[in-house]
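Student: I have a model open and do not know how to read its helices. Could we go through them one step at a time?

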Amino acid sequence: MVEKTRTVLLNAHARWPDAIAIELWTFAFRHVITKWNNTPRPDLSFKTLEEVFNRMKCTKEPSEVFQDCHTFGCPVYVLHKKLQDGKTVKKWEPRAHVGVYLGQSREHASNVSYVLNPKTRHISSQ
């Protein structure tokens, strides 16, 4: 797991050298563990750990299992705060800003992600 974590962190650092630092290794490690636990593996007869633990067949289609599978450090676009609140923005004002994907949040729903703002280096849940 440590080697996989190192690989995803170095890959993200190559894309975002000013934003990704070694201090983000915990996010990379959580991302690797999450993907390892939610991916069917040959050593488990192509089942996930949840299927083995619960002794039941997964009801999700393969496309559903991997629809939220993003690469650590990939660019994501976060909607402008005014638009999130239902307000409008000026015609030529940007509607989103670029962020860096750091994995899924453990404190929120499974579809909430950690996003790093590369300009401010602030990590938020989006």
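Student: Which helix do the buried residues of H1 pack against?

Tutor: This is a predicted model, so read every value as computed from it. In it, the buried residues of H1 pack against helix H2, residues 25-37.

Student: Which residues of H1 are buried?

Tutor: Buried means under 20% relative accessible area. In H1, Thr5, Leu9 and Ala12 are buried. Looking down the axis of H1, you find its buried residues within an arc of 65°, so they line one face of the helix.

Student: Which exposed residues does the face turned away from the buried side of H1 carry?

Tutor: That face carries Glu3, Arg6, Ala14 and Arg15.

Student: What span should H1 have, at 1.5 Å a residue?

Tutor: H1 covers residues 2-15, and its 14 residues should span 20 Å. The end C-alpha atoms of H1 are 20 Å apart, which agrees. For H2, with 13 residues, the expected span is 18 Å, and its end C-alpha atoms are 18 Å apart, which also agrees.

Student: Which residues of H2 are buried?

Tutor: The buried residues of H2 are Phe27, Ala28, His31, Val32, Ile33, Thr34 and Lys35.

Student: Is Phe29 of H2 buried, partly exposed or exposed?

Tutor: Phe29 is partly exposed, because its relative accessible area is 31%, and buried would need under 20%. Phe29 also belongs to a nonpolar surface patch of about 660 Å², made together with Met1, Val2, Ile22, Trp25, Trp36 and Leu49.

Student: Which element gives the most to the nonpolar patch?

Tutor: H2 does, with 3 residues.

Definitions and conventions: Residues are numbered from 1 along each chain as its sequence is written. This is a predicted model: local features need pLDDT of at least 70, side-chain atom pairs count only at pLDDT 80 or more; totals for chains, interfaces and linings use all residues. Side-chain values use heavy atoms; hydrogens and water are left out. Helices (H or I, at least four residues) and strands (E, at least two) are DSSP runs, numbered from the N terminus. The expected span of a helix is 1.5 Å times one less than its number of residues. Buried means under 20% relative accessible area, exposed over 50%, partly exposed in between (1.4 Å probe, protein chains only). The arc is that of the directions from the helix axis to the C-beta atoms. Contact means heavy atoms within 4.5 Å. Patches are made of residues with over 30% relative accessible area and no salt bridge: like charges are joined within 9 Å, nonpolar side chains (Val, Leu, Ile, Met, Phe, Trp, Tyr) within 5 Å. Accessible areas come from the Shrake-Rupley method with a 1.4 Å probe; for residues, only the protein chains shown count as cover. A salt bridge is a side-chain nitrogen of Lys or Arg within 4 Å of a carboxyl oxygen of Asp or Glu.
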